[in-house]
Amino acid sequence: MNRISDDSSLFPIAPALVEWYALRGRDLPWRRTRDPYLIWLSEIILQQTRVRQGTAYFERLAARFPDVTSLASATEDEVLRLWQGLGYYSRARNLRAAAREVVARFGGRFPVRYDELRTLPGVGDYTAAAVASIAGGEPRAAVDGNALRVLARVFDLDLPVDTAAGRRAFAELAQQQLDAERPGVYNQAVMDFGATVCTPRQPACAECPLSGRCLALGAGTVGQRPVKGGRTKVRDRWFHYLHVCSNERTLLRRRGAGDIWQGLYEFPLIEREGATDYADLCGDACFTEWFAGAGTVRLLGTSVLPPHQLSHQTIHAVFYRIEAERFSAELLRDFLPVAADSLGDYAVSRLTERYLLGLQKGW
Ligand code: SF4
């Protein structure tokens with residue numbers, strides 16, 4: 001096992017990776033441009049998304065918003081709608097907010113300097129370094145999960161990558177390893193190499209240009225690198241959605257700030273501390289308030305979805321299809337009535353989308 005401070009075991013990896021990238025790097029749409037706006041757009045999309053899924057979204061968003069001005073003038077609803085299905089919706093909100101700042105503060109010229117990029121909403125160290133190096137040639141190492149994995153394995157480092165000390169040490173090491181002459185190419189090479197060769201599971205060590213020097217391969221510790229120290233606590237939540245219909249209309253509400261899915265639409269929601277059933281839900285204070293003036297209320301069906309996994313939460317969701325004689329004043333106070341066949345016009349979470357797809361197929 002090595003510590004990063006043990007410099008004697010370090011050797012430059014850039015030459016082998018840059019050469020590998022020239023021969024094997026993937027041809028992706030955002031690699032055919034030096035436009036910082038398009039590179040930034042691709043980096044935001046790819047933050048939590050695989051390349052295959054992200055490519056379709058990139059092409060759709062780049063076609064609809066070919067430059068930062070067009071994105072800045074879009075409504076949040078439109079951006080969320082185009083983003084639907086990608087998850088981590090704060091990225092979409094920040095995308096539009098950053099575009100508006102670029103127009104307001106930089107006169108529509110997309111910045112290429114790390115320090116300027118870092119001031120934009122949703123742009124952290126990694127994204128700023130990626131855009132600055134690729135579009136601006138600035139010598140900044142972009143350290144994403146791929147880069148961390150490659151460094152931890154090549155140098156067989158046991159320092160946890162998810163602690164403050166680990167992040168600092170890996171950032172320093174990445175900066176030392178950077179090819180300062182070709183920072184953009186080097187950063188893309190490491191990311192591509194990590195995504196296609198030095199993968200999290202079953203890395204292709206037999207085809208790896210670094211296999212002769214890879215310390216983890218020599219030590220038999222590839223499967224244990226990188227080391228993660230901090231444990232992320234996952235919280236369970238139980239969502240009970242009321243898909244209420246009356247006279248071909250249904251009810252939606254836009255989620256507010258301070259919780260998941262901000263800005264997305266959803267059916268009336270009752271959140272409980274655990275699982276429950278419809279009879280119990282009918283006694284809930286919200287339920288009685290909403291439906292006291294709704295006339296006859298009938299349960300038409302219940303859909304229990306498989307647990308929906310977010311990064312720090314597991315959502316256990318049940319959707320109740322309910323028919324009400326009318327929408328009470330309390331329902332109309334709290335929710336927006338919409339035509340039942342216009343639900344596709346509203347940006348919803350992946351969870352609600354799964355329910356609606358299931359409904360089309362006849363749950
Ligand atoms: S030899 Fe294997 S573990 Fe080491 S860098 Fe190459 S692919 Fe990764």
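Contact here means heavy atoms within 4.5 Å. Keep that in mind for the stops below, and note that the model is predicted.

**Stop 1: the two domains.** Select residues 7–224 of the protein chain and colour them as domain 1, then give residues 235–360 another colour as domain 2. Place a marker at the centre of each domain, taken over C-alpha atoms: 37 Å separate the two centres.

**Stop 2: where the domains meet.** How many residues of domain 1 are in contact with domain 2? Nine are, and they touch 15 residues of domain 2. The area buried between the two domains is about 930 Å². Carbon and sulfur atoms give 45% of that area. Now show Q84, Y89 and R93 as sticks: these residues supply 46% of the area that domain 1 buries against domain 2, more than any other three residues.

**Stop 3: salt bridges.** Across the interface of domain 1 and domain 2, the rule finds two salt bridges. Next, select D77 and R254, which form a salt bridge. Draw a distance between their closest N and O atoms, and the label should read 3.0 Å.

**Stop 4: the ligand.** Select the ligand and look at the space it takes, which is the largest cavity. Which residues are around the ligand? Select R153, V154, C198, P203, C205, C208, S211, C214, L217 and V222. Colour this shell by residue class: eight of its residues are nonpolar, one is polar and one is charged. The charged one is R153 and the polar one is S211.

Notes: Residues are numbered from 1 along each chain as its sequence is written. This is a predicted model: local features need pLDDT of at least 70, side-chain atom pairs count only at pLDDT 80 or more; totals for chains, interfaces and linings use all residues. Side-chain values use heavy atoms; hydrogens and water are left out. A residue is near a molecule or strand if one of its heavy atoms lies within 4 Å of it. On a 1 Å grid over the protein atoms alone, a cavity is a set of points where a 1.4 Å probe fits but cannot get out, and a pocket is an open set with protein on both sides within 12 Å along at least five of seven lines; lining residues have an atom within 4 Å of a point. A molecule sits in a cavity or pocket if more than half of its atoms lie within 2 Å of its grid points. Domain bounds come from an automatic or database domain assignment. Buried area is the accessible area (1.4 Å probe) that two parts lose on being put together, summed over both. A salt bridge is a side-chain nitrogen of Lys or Arg within 4 Å of a carboxyl oxygen of Asp or Glu.
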